[in-house]
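Hello,

Here is the structure I promised to send you. Have it open while you read, and I will walk you through what turned up in it.

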Amino acid sequence: MPIHRINLDDQSSLRDVYATNTSEKSLPKFRIPEQRTEPHAAYSLVRDELLLDGNARQNLATFCTTWVDDEVKQLMTDAVDKNMIDKDEYPQTAEIENRCVHILADLWHAQKSWETVGCSTTGSSEAAMLGGLAFKWKWRQRREAEGKDTSKPNIVTGPVQICWKKFARYFDVEIREVPLEGDALGLQPGDLRKYCDENTIGVVATLGVTFTGIYEPVEALACELDALERDLGLDIPIHVDAASGGFIAPFIQRDLVWDFQIERVRSINASGHKYGLAPLGVGWIIWASKEDLPEDLIFYVDYLGGNMPTFALNFSRPGGEIIAQYYNFLRLGRDGYTAIQQACSDTAQWLGAKLAKIGPFEMVYDGHGGLPAVAYKLTDLDHGFTLYDLSERLRMRGWQIASYPLPSNRQETVVQRILIRHGVSRDLAHLLLDDMKRAINHLAQNPVPHSTAKPGFHHG
């Protein structure tokens, strides 16, 4: 019989988590601790702090994935050590990324989806910036060939999320964000002649405007740019920011023409980690053809083991999200994505119809024709509270719902937006509606005459 000896000096495995030395002090905030901490204690103490975060499933302000299959969690664990950038060391992960690019190109009706180019990114913001950079380089090449000035590029957009403003500032491009006129909620064809000129590198059309969830009319914008080229000789391409809509429209709005079916659309970005249903950390950018991505934007690196092309703002990054994206394509297929997105859309429209019947609200977007979302404002009456107050009240029940003013020329209109994502069931929406009614009744009976509530994050 073997004899097992016990080290009586080592008590680490016997100590209760909350009786360790580390647990009896505040966790370090400005300096790395001098001593080690038992793994189970360190884990428990960090996990305890995370309890102070909100419940992601009740965060109806975010577009991002908050529910994934157990198999996705396992794949993410299996891929925790895979570096997406190192295609020589992880060739099969690179192959999976390549498959996703061509699947998306086909989904978005690229003429030769098996030949076109694209890549994964950390999210749709990085993907959008890569699309903008390709536009700037192509515009500059054309201007230089014509012997014309290249010092004043501009890009024309409707109400866009912050990534386009970052692109403009970081890469020295003037952004011409068209103000909202009248009841408009996005860029309109009639806006283009006033804002486009020979220095316009491209027009950004948004399929799923962050502020409301509506789709901008890509086909109509393209028709107006066709007319602009006939009349003034300006050949201006379109980039579609389909951060969310790129994974919605192909499945439940199949008659909508917005993608590479339109000749003027030269690039599209989307978030895999939004309605693409992948975990956080993956976006996609696809170009209509190889010619739309200038060769001198591609870097070739050979210090990872092989000579590999790369076009990205980031370098090393995890491969798990790309693998999970491919898993979703394989697991769900077209019919699975259709069922999920239709269920989300149906729930959003149901919620929109219910909210329209609640006294204080006037619907701005009711869930029809765009993203699975609703947006509404208070009627012009004095209700004794603001939407910011309502957001704060709902947060007491765990709901995170964004309230904020609309963009320029309509800043006086404050809206509240609710996003319905995979995992937000009809039952959960019903519970939210009940909590909203209770919150409104409370605020009506207890007015907030000098409210200090302000906009929170609206997770664009």
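Before we begin, one term: two residues are in contact when they have heavy atoms within 4.5 Å of each other. Please also keep in mind that this is a predicted model.

**Starting from one residue**

Let's begin with E97, which you will find in helix 3. Is E97 buried or exposed? Its relative accessible area is 7%, and buried means under 20%, so E97 counts as buried. Setting aside neighbours within four places in sequence, E97 is in contact with M84, K87, C119, S120, W284, R317 and I322.

**Helix 3 and helix 9**

E97 also takes part in a helix pair, so a word on how such pairs are described: for two packed helices, we give the angle between their axes and the distance between the axes. Helix 3 (residues 91-107) packs against helix 9 (residues 320-356) at an angle of about 50°, and their axes are 9 Å apart. The two helices are therefore oblique to each other, and their crossing is left-handed. On the helix 3 side, the contact is made by T93, I96, E97, R99, C100, I103, L104 and L107. Helix 9 contributes I322, I323, Q325, Y326, F329 and R334. By class, the residues of this contact divide into nine nonpolar, two polar and three charged.

**The sheet of seven strands**

Now look for the open sheet of seven strands, whose order is 1-7-6-5-4-2-3 and whose pairing is mixed. Which strands stand at the edges? They are strand 1 (118-121) and strand 3 (174-177); each has a single partner strand, so one side of each is left without a neighbour in the sheet. On average, neighbouring strands here are turned by 20° against each other, direction ignored.

Helix 3 comes back at this point, because it packs on this sheet and touches strand 1 and strand 7 (283-287); its direction makes about 60° with that of strand 7.

Strand 4 (residues 200-206) is a good one to follow by eye. Strand 4 and strand 5 (residues 238-241) pair in the parallel sense over four bridges. Along this pair, A205 stands opposite V240, and V203 stands opposite I238. Strand 2 runs parallel to strand 4 too, joined to it by four bridges, with T157 opposite V204. How many residues of strand 4 are buried? Seven of the seven are, so strand 4 is largely enclosed by the rest of the structure.

Helix 5 (residues 162-170) lies across strand 2 (154-157), strand 3, strand 4, strand 5 and strand 6 (265-271), running at about 150° to strand 3.

In the loop between strand 5 and helix 8 (249-252) you will find A243. This residue is buried, with a relative accessible area of 8%. Not counting residues up to four places away in sequence, A243 touches S124, Q161, N269, A270, S271 and K274. For a sense of distance, A243 and E219 are 24 residues apart in sequence and 18 Å apart in space, C-alpha to C-alpha.

**The sheet of four strands**

There is also an open sheet of four strands, in the order 10-11-13-12, with antiparallel pairing. Strand 10 (361-365) and strand 12 (402-405) are at its edges, each with a single partner strand, so one side of each lacks a neighbour in the sheet. Neighbouring strands of this sheet are turned by 35° against each other on average, direction ignored. Strand 12 pairs with strand 13 (residues 414-419) in the antiparallel sense over four bridges, and the bridge partner of P405 in strand 13 is V414.

Helix 9, which we met above, packs on this sheet and touches strand 10, strand 11 (373-378) and strand 13, with its direction at about 15° to that of strand 11. Helix 11 packs on the sheet as well, touching strand 10, strand 11 and strand 13; its direction makes about 155° with that of strand 13.

**Helix 10 and helix 11**

Finally, helix 10 (residues 387-395) packs against helix 11 (residues 426-445) at an angle of about 120°, with their axes 10 Å apart. That makes helix 10 oblique to helix 11, and the crossing is right-handed. D389, L390, R393 and L394 in helix 10 meet D435, M436, A439, I440, H442 and L443 in helix 11. This contact has six nonpolar, one polar and three charged residues.

Enjoy exploring!

Best wishes

Key. Residues numbered from 1 in each chain as written. Predicted model: local features only at pLDDT ≥ 70, side-chain atom pairs only at ≥ 80, totals over all residues. Heavy atoms only, no water. Axes fitted to C-alpha atoms, helices over the stretch in contact; angles between N-to-C directions. Parallel < 35°, antiparallel > 145°, perpendicular 65-115°, else oblique. Left-handed = near helix turned anticlockwise from the far one by under 90°. Nonpolar A, V, L, I, M, F, W, Y, C, P; charged D, E, K, R; others polar. Pairing = 2+ DSSP bridges. Buried < 20%, exposed > 50% of the residue type's maximum accessible area, 1.4 Å probe, protein only.
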